[in-house]
Amino acid sequence: MEYDHRSYISPLTWRYGSDEMKSIFSEEHKRKLLRRVWIALAKAEMKAGIVTEEQVKELEAHKDDIDIDRATEIENTIHHDLMAEIKTYAEQCPKAGGIIHLGATSMDALDNADAVRFKEALELTIKRLDTLIDAFADKAKEYRDTPTMAFTHIQPAEVTTIGYRLSQTLQDLGEDRDDALRLYRSIRGKGMKGAVGTAASYKELLSGTGVSSFELENMVMDELGIKAFDAATQTYTRKQDLKIISVLSSIAATLHRFSLDFRVLQSPPIGEFSEPFGKMQVGSSAMPFKRNPINSEKICSLSRIVEGSYQSAWNNASLSILERTLDDSANRRIFIPEAFIALDEMLLTETRIIKGMQVHSSATKRLMDSYGIFASTEKLLMELGKKGADRQEMHEVIREESLKAWALVQEGKENPLKDNLSSDERILSYMTKDEILSLLDATSYTGDAAERTDMVIDQIIRRPALNSAK
């Protein structure tokens with residue numbers, strides 16, 4: 001089978017995601033994992049005296065000899081994909097072909113292979129998160145003290161710092177990583193439980209061998225490096241898939257929120273951030289001057305793919321009737337790989353953005369000059385109260401002057417508030433002009449922002465390693 005651009009190919013096949021993640025969800029890798037399951041089963045059955053060492057060695061000798069063309073040819077005749085793979089493997093193993101899949105049902109192979117594959121994909125996702133988290137931490141540390149205007153309701157509010165703004169996303173990413181790590185450590189396979197999860201076939205097969213069905217299952221799962229659910233139907237509970245998509249969707253939400261903010265901050269009226277922009281990069285086919293935030297927009301777009309997978313996962317978890325239906329089979333082939341690959345692209349893209357992002361100090365200064373003074377009037381009001389002024393009277397003075405100044409700023413004129421307040425006789429009766437001007441300097445009105453940024457960075461630096469003990 002060969003596919004090229006004369007046929008439909010998913011953009012996730014050739015446009016988005018890393019080769020590493022796409023390899024994990026490749027057909028070749030899936031079939032290699034299936035053979036790992038069959039070899040693990042054969043080894044356990046060898047210990048029970050049902051399979052010979054020679055047969056196991058033959059299976060191992062051909063574990064990587066994947067022949068998708070031959071399997072497809074067989075499937076076109078028998079219309080069962082797993083049996084086609086078994087028959088393909090059996091043709092390569094004349095001595096061991098008859099014991100492949102002995103005692104098993106299809107999902108004993110498929111669900112355990114999937115569990116191994118999902119752990120691999122989660123491990124790569126966590127590594128991507130770690131790289132992005134480190135990039136965010138570096139930027140947050142670099143700009144921990146840099147004052148900038150904060151916005152509430154998309155309106156200028158008080159002053160924050162760029163580092164503190166970045167630390168909000170850094171904190172969310174840290175919690176996302178915690179969730180992903182817990183999920184990674186909790187992934188389980190179906191185990192070896194047969195057609196409806198009772199392990200009846202294995203119990204019968206092992207009768208008189210001195211090996212129980214529980215012992216066989218443990219041997220297989222130890223060989224695969226994963227745990228098994230204690231109870232299962234023909235499949236492992238699809239709640240596990242729902243948990244996987246929930247974690248991926250949460251990471252996507254964090255990236256979407258930051259990317260949307262980045263797009264707002266790159267817009268010319270604010271102009272504080274900008275994405276890396278290549279020397280030969282084209283911003284628009286019609287408008288040569290454009291520098292669109294296309295990477296942040298891509299992240300927002302792909303996040304909808306990840307989030308949209310949640311409904312399918314929820315349906316599979318809640319609508320699997322009794323011991324199994326096949327309703328989940330086709331859609332799982334699509335939405336689980338797509339969610340992982342789309343998120344992989346998002347994490348890689350966000351990392352490039354953060355490492356190469358530009359922070360424009362001139363834009364920050366312009367925003368502070370235009371709007372920072374309004375926030376600093378709160379400091380002035382509090383100091384006037386300390387000096388014995390009537391709080392309500394001074395509030396009205398500052399409010400009147402602020403509204404006049406705001407109207408001028410909205411017209412694009414220079415903000416006169418600092419001059420007006422520092423020359424107002426009602427305020428000058430309580431303090432000097434220099435004192436007023438000092439209080440109206442908004443650059444220091446950032447509260448605990450820098451210290452709280454440090455707290456987030458310190459906590460994220462001490463995160464547990466991927467392969468550390470719980």
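How far apart along helix H3 are Glu27 and Lys30? The answer comes in the first view below. The model shown is predicted.

**View 1. Glu27 and Lys30 pair up within helix H3.**
The two residues sit three residues apart in this helix, which spans residues 27-47. That puts about one helical turn between them. Their side chains form a salt bridge. The closest N and O atoms are 4.0 Å apart. Glu27 is partly exposed, at 36% relative accessibility. Lys30 is buried, with a relative accessible area of 13%.

**View 2. Asp114 and Arg117 form a salt bridge in helix H7.**
Helix H7 covers residues 106-142. Asp114 and Arg117 are three residues apart in it, or about one helical turn. Here the closest N and O atoms lie 3.3 Å apart. Asp114 counts as buried, at 10% relative accessibility. Arg117 is buried too. Its relative accessible area is 9%.

**View 3. Arg238 and Asp328 meet in a salt bridge.**
The N to O distance is 2.7 Å. Arg238 lies in the loop between strand E4 (227-228) and helix H11 (239-266). Asp328 belongs to helix H13 (residues 327-356). The pair therefore ties together parts that are 90 residues apart in sequence. Both Arg238 and Asp328 are buried.

**View 4. Salt bridges that share partners build one network.**
Arg238 and Asp328 are among its members. So are Asp114 and Arg117 from View 2. Asp111, Asp241, Arg324 and Arg332 also belong. Across the whole structure, a search finds 44 salt bridges.

**View 5. Ile86 is buried in its surroundings.**
Ile86 is found in helix H6, residues 81-92. Its relative accessible area is 7%. That value falls under the 20% limit, so Ile86 counts as buried. Leaving aside neighbours within four places in sequence, Ile86 is in contact with Trp38, Ile100 and His101. Arg35 is 51 residues away from Ile86 in sequence. In space, the two are 8.8 Å apart, C-alpha to C-alpha.

**View 6. Four acidic residues form a negative surface patch.**
The patch consists of Glu2, Asp65, Asp67 and Asp69. One of them, Asp65, sits in the loop between helix H4 (53-61) and helix H5 (68-78). Asp65 is partly exposed. Its relative accessible area is 34%.

Terms used: Residues numbered from 1 in each chain as written. Predicted model: local features only at pLDDT ≥ 70, side-chain atom pairs only at ≥ 80, totals over all residues. Heavy atoms only, no water. Patch = residues over 30% accessible without salt bridge, like charges linked within 9 Å, V, L, I, M, F, W, Y side chains within 5 Å. Areas by Shrake-Rupley, 256 points an atom, 1.4 Å probe, with all protein chains shown as cover. Lys, Arg positive; Asp, Glu negative; His and termini not counted. Charge placed at Lys NZ, Arg CZ, Asp CG, Glu CD. Helix = DSSP H or I, 4+ residues; strand = E, 2+ residues; numbered from the N terminus. Buried < 20%, exposed > 50% of the residue type's maximum accessible area, 1.4 Å probe, protein only. Contact = heavy atoms within 4.5 Å.
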